[in-house]
Amino acid sequence: MDLSNFTTLKNLEAAFGGESMANRKYLFFANVARKLGFTDLAKLFKETADQETEHAFAHFELLHPELVVKDAASLTDEQKREIMSRCLSLAIEGETYEYTTMYPDFAAAAQKDRDNPAAEEFLKQAQESSEHANTFRAAAHRFGLLKFIENYHADRYAEALEVLNGGQAVTRVAGEDPATQKWICRQCSMIYDPVVGDLDSGIAPGTPFAEIPDDWSCPICSATKKTFKPLEEKVAV
């Protein structure tokens, strides 16, 4: 499926959100019905919630075909790790957005409306989202799944050790061609590659960094575009 179509991408995201919300809503209704003794209605709501889950999964598979696993036995260990790396990256991105942007904004609006219970709930959820993000980050590092960041750090540490042992410093320069020049987040070391783009944020492959909207943020840590700097890469000898 071609996700470079921004309208289709947003419609799929909205559909996924709607089906996901329906799932949780019907589970809530089922719980209410069960408490009130309406077991048949509780069963109906639960069955419908399960169906909504399947609908949401179908939408999410279209949004993220790289995560679809048809035959796990046919995948190499590297392919399996790539899939889990993507899952963790998306989880970190979502939780980071919640605690840095969504809930703080919601809390501020609630405080402006003098709705203290809502503000307290939003702030509480922001704290929990922060904890979730940290848990996912710890898991990613524990299993070595944020490979693109880990490899970058490992490479730089190896260079530093080489210099410490009397070797020559490696020459690194930033690329000059906007079509291929990579940029790195100074906060988390996420690397933006214009050849790949950032489809999850609506940035199509082949988009130079300068052409990314100013409100774009790091998909890993949510840092602003201004946090990025040109990536200096090794000069071939």
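**Exercise 1. Asp 50 and its partner**

Task: In this predicted model, is Asp 50 buried, partly exposed or exposed, and with which residue does Asp 50 form a salt bridge?

Solution:
- Step 1. Start with the surface. Asp 50 has a relative accessible area of 37%. Buried means under 20% and exposed means over 50%, so Asp 50 counts as partly exposed.
- Step 2. Look for the partner. Asp 50 forms a salt bridge with Lys 46, and their closest N and O atoms are 3.0 Å apart. Lys 46 is also partly exposed, at 35% relative accessible area.
- Step 3. Place the pair on the chain. Both residues lie in helix H2. They are 4 residues apart, which is about one turn of the helix.
- Step 4. Recall the general idea: side chains of opposite charge can pair when their charged atoms come close.

**Exercise 2. Two more salt bridges**

Task: How many salt bridges does the structure hold, and where in the chain do the partners Glu 66 and Arg 86 lie?

Solution:
- Step 1. Take the total: the structure holds 4 salt bridges. Asp 50 with Lys 46 is one of them.
- Step 2. Turn to another pair. The side chains of Glu 66 and Arg 86 meet in a salt bridge, with 3.1 Å from N to O. This pair links distant parts of the chain, for Glu 66 is in the loop between H2 and H3 while Arg 86 is in helix H3, 20 residues apart.
- Step 3. Check their exposure. Glu 66 counts as partly exposed at 35% relative accessibility, and Arg 86 is partly exposed at 24%.
- Step 4. Move on to Lys 225, which forms a salt bridge with Asp 214; the closest N and O atoms are 3.8 Å apart. Both partners lie in the loop between strand E3 (191-192) and strand E4 (228-230), so the pair ties together parts that are 11 residues apart in sequence.
- Step 5. Compare the two ends of this bridge. Lys 225 is buried, with a relative accessible area of 11%, whereas Asp 214 is exposed at 69%.

**Exercise 3. How H1 and H2 run**

Task: Are helices H1 and H2 roughly parallel or roughly antiparallel to each other?

Solution:
- Step 1. Find the axes. Those of H1 and H2 come within 8 Å and cross at roughly 160°.
- Step 2. Apply the cut-off. Angles over 145 degrees count as roughly antiparallel, and therefore H1 and H2 are roughly antiparallel to each other.
- Step 3. Add the hand: the crossing of H1 and H2 is left-handed.
- Step 4. Look at residue pairs. Arg 24 is found in helix H1 and is exposed, with a relative accessible area of 57%. The C-alpha atoms of Arg 24 and Thr 53 are separated by 9.1 Å, although these residues are 29 residues apart along the chain.
- Step 5. Try a second pair. His 55, found in helix H2, is 35 residues from Ser 20 in sequence, and the two are 8.5 Å apart in space, C-alpha to C-alpha. His 55 is partly exposed, at 38% relative accessible area.

**Exercise 4. A nonpolar patch**

Task: Which helix gives the most residues to the nonpolar patch?

Solution:
- Step 1. List the members: Phe 28, Phe 29, Val 32, Leu 36, Phe 38, Leu 41 and Leu 44 form a nonpolar patch on the surface. Together they have about 660 Å² of accessible area.
- Step 2. Assign them to elements. Helix H1 (6-35) and helix H2 (39-63) are the elements that give two or more residues.
- Step 3. Pick the leader: H1 gives the most, with 3 residues.
- Step 4. Zoom in on one member. Val 32 lies in helix H1 and is partly exposed, with a relative accessible area of 33%.

**Exercise 5. An unusual phi and the whole chain**

Task: Where does Arg 114 lie, and what pattern does the protein chain follow along the sequence?

Solution:
- Step 1. Begin with the background: most residues other than glycine have a negative phi.
- Step 2. Arg 114 has a positive phi of about 60° although it is not a glycine.
- Step 3. Locate it: Arg 114 lies in the loop between helix H3 (77-112) and helix H4 (116-142). Arg 114 is exposed, at 76% relative accessible area.
- Step 4. Step back to the chain, which has 5 helices and 5 strands. Its pattern is α-α-α-α-α-β-β-β-β-β.
- Step 5. Finish with burial: buried residues make up 30% of the 237 residues in the protein chain.

Definitions and conventions:
Residues are numbered from 1 along each chain as its sequence is written. This is a predicted model: local features need pLDDT of at least 70, side-chain atom pairs count only at pLDDT 80 or more; totals for chains, interfaces and linings use all residues. Side-chain values use heavy atoms; hydrogens and water are left out. Patches are made of residues with over 30% relative accessible area and no salt bridge: like charges are joined within 9 Å, nonpolar side chains (Val, Leu, Ile, Met, Phe, Trp, Tyr) within 5 Å. Accessible areas come from the Shrake-Rupley method with a 1.4 Å probe; for residues, only the protein chains shown count as cover. Buried means under 20% relative accessible area, exposed over 50%, partly exposed in between (1.4 Å probe, protein chains only). Axes are lines fitted to C-alpha atoms, for helices over the stretch in contact, and angles run from 0 to 180 degrees between N-to-C directions. Angles under 35 degrees count as roughly parallel, over 145 as roughly antiparallel, 65 to 115 as roughly perpendicular and the rest as oblique. A crossing is left-handed if the near helix is turned anticlockwise from the far one by less than a right angle, and right-handed if clockwise.
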